[in-house]
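Here is a friendly walk through the strands, sheets and a few chosen residues of one model. Please keep the viewer open as you read.

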Amino acid sequence: MAYFPFMIEIGDRNVLVVGGGRSAFLKVRALLGFGAKITVVAKAVSPDISRLSGEIVVWRRAFRPEDLEGCAFVIAATDDKNLNRRIAEAARQAGILANAVDDKESCDFIFPAILKKENYTVAISTDGRSPMLAGRIKKIIAKSLPDNLDEAVGDLGRMREEVLKSTASSEERSRIFSEEIERRLGRRKIRIGTRSSALAMAQTELVMKELASRGIRCEAVVMRTEGDMRQDRPLWDFGGKAVFVSEFEEAILSGRIDLAIHSAKDMSGEIPESLDILACLEREDPRDVIVSLSGRKPEDIRIVGTSSMRRKAMIENLGRGYETRSLRGNVPTRLTKLRRGEFDAVVLAAAGLKRLGIDDEPDLRYEFLDEETFIPSAGQGVIAVEGLGNSDISGIVRSIDDRKTSLELRTERKLMHVIGAGCHDAVAALARCAGDGRIRLIAMKSDEGRMIRADVRKDANRIDDIVREAATALLDGE
């Protein structure tokens with residue numbers, strides 16, 4: 001059952017509360033704050049209610065049907081569930097809205113957790129599922145609201161009539177009020193952590209653009225990770241791709257940033273408990289690309305640069321006689337090394353090339369590798385937005401999520417987790433949502449030079465079965 005959150009004026013309206021215990025007291029106290037005229041009927045009344053006797057009427061006796069006369073609302077708060085239900089039913093028959101505190105099905109309305117200020121009221125409801133959690137949510141909201149918000153609401157309320165009289169269009173009124181709100185409160189900027197590379201900044205700009213379309217202001221907080229500073233060693237020597245992520249996660253947890261933007265393929269399988277992937281943008285081309293100098297014949301390629309164990313294994317599996325050598329640096333740096341002749345070719349992600357707008361350089365030759373055979377890394381082509389799973393901004397961030405991409409990423413990451421794949425493993429996985437409501441998961445694992453492959457297709461609601469079957473194929477070597 002879901003309750004629509006009406007706001008109702010109850011000042012000077014008669015409210016009957018049947019019951020004299022703790023639950024009745026909480027309802028009475030909440031109603032008094034809004035000026036209701038309250039009558040309590042109960043054989044035994046708690047000291048808390050007795051102390052309110054100057055503000056309410058108390059009848060120390062059992063409920064009688066005639067007590068309903070003249071009431072606008074009735075709250076049945078006795079310790080007898082059957083009696084509460086009968087009182088609620090009697091109220092309905094008399095055309096009176098009723099609340100039975102221990103029976104959601106017998107409620108025409110429920111009590112939210114209320115944050116009451118002089119000029120505004122915030123109500124939080126969990127539709128009766130968890131009043132305790134509603135109370136905690138209220139506390140979280142109370143901490144996040146600016147101290148000067150109440151004063152600002154009052155001032156804007158006083159100027160509202162004058163603005164309505166002096167402006168002809170709703171657009172002009174909206175502009176005036178928006179400027180006044182921003183002048184008084186400012187607008188919180190979401191701090192987005194990002195690396196300084198051109199690709200990282202381009203990906204961050206894409207996320208900021210999506211959030212801006214929803215009225216959210218953002219600022220980029222550039223951070224340097226251990227992976228950025230240690231360019232002289234292969235990633236697998238000091239933690240793998242996760243070194244690009246862990247420092248951002250620590251910054252979120254410490255409150256230095258609100259969100260972090262990652263290439264999903266760089267994320268480790270385990271995310272700190274309080275963090276979550278809040279959103280994924282629509283997936284870019286997940287394929288790998290062998291990039292060489294224009295005019296160079298494919299048969300002249302011998303030395304291929306890559307820092308990925310997966311790419312190394314799959315390049316060797318192409319059977320072209322290529323030799324791989326370690327290659328570090330961002331995308332422009334890798335292409336510079338190619339142009340200087342340090343490598344005959346380099347392997348890069350199509351997504352990065354396209355996001356940087358360098359997927360069609362005249363002096364370069366691009367060989368886009370078939371994703372069916374040269375399977376991408378799990379998460380390749382996906383921009384993931386990581387943040388606190390239950391923060392004041394998580395809801396608006398989740399609104400930019402591309403569900404299809406998120407489902408694919410979740411499937412790929414789950415497979416990596418099940419098979420225990422780490423940064424040192426040559427493992428690939430690509431999930432694709434089909435138009436028929438099914439997901440296809442193709443995966444590869446290199447085992448001492450032998451390529452083990454999995455290919456599973458099932459309904460999208462059977463992700464666990466898809467992952468289990470693919471994992472079995474990879475681990476058993478079938």
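A residue counts as buried under 20% relative accessible area, as exposed over 50%, and as partly exposed in between (1.4 Å probe, protein chains only). This is a predicted model, in which local features need pLDDT of at least 70 and side-chain atom pairs count only at pLDDT 80 or more, while totals for chains, interfaces and linings use all residues. Residues are numbered from 1 along each chain as its sequence is written, and side-chain values use heavy atoms, with hydrogens and water left out.

**Ala 351 and Phe 6**

With the cut-offs in hand, is Ala 351 buried or exposed? Ala 351 is buried, because its relative accessible area is 2%. This residue sits in helix H12 (residues 350–356); helices (H or I, at least four residues) and strands (E, at least two) are DSSP runs, numbered from the N terminus. Between the C-alpha atoms of Ala 351 and Lys 297 there are 25 Å, and the two residues are 54 apart along the chain.

Phe 6 gives the opposite reading: its relative accessible area is 64%, so Phe 6 is exposed. Phe 6 belongs to the segment before strand E1 (14–18). Together with Phe 4 and Ile 8, Phe 6 forms a nonpolar surface patch with about 400 Å² of accessible area in total. Patches take residues with over 30% relative accessible area and no salt bridge, joining like charges within 9 Å and nonpolar side chains (Val, Leu, Ile, Met, Phe, Trp, Tyr) within 5 Å. A salt bridge here is a side-chain nitrogen of Lys or Arg within 4 Å of a carboxyl oxygen of Asp or Glu, and the areas come from the Shrake-Rupley method with a 1.4 Å probe, where for residues only the protein chains shown count as cover.

**Around strand E4**

Strands pair if DSSP finds at least two bridges between them. E1 and E4 run parallel and are joined by four bridges, with Val 15 partnered by Phe 73 in E4. E4 also pairs with strand E5 (residues 97–100), again in the parallel sense and over four bridges, and there Phe 73 has Leu 97 as its bridge partner. From E4 the chain crosses through helix H3 (residues 81–93) to E5 in a right-handed β-α-β crossover. Right-handed is the term when, with the strands pointing away from the viewer, the path from the first strand over the helix to the second runs clockwise.

Which way do the side chains of E4 (residues 73–76) point? Phe 73 and Ile 75 point one way, Val 74 and Ala 76 the other way, and all are buried.

**Two open sheets**

One open sheet of five strands has the order E9-E8-E10-E17-E11 and mixed pairing. Its edge strands, E9 (217–222) and E11 (275–280), each pair on one side only.

Another open sheet of five strands, also with mixed pairing, has the order E14-E13-E15-E12-E16. Here E14 (323–325) and E16 (364–368) are the edge strands, each pairing on one side only. Within this sheet, strand E12 (residues 288–293) is mostly covered, as five of its six residues are buried.

Some pairings from these sheets are set out below.

| Strands | Sense | Bridges | Partners |
|---|---|---|---|
| E11 and E17 | antiparallel | five bridges | Ala 279 and Val 385 |
| E13 and E14 | parallel | three bridges | Ile 303 and Glu 323 |
| E12 and E15 | antiparallel | five bridges | Asp 288 and Ala 349 |
| E12 and E16 | antiparallel | five bridges | Val 289 and Phe 368 |
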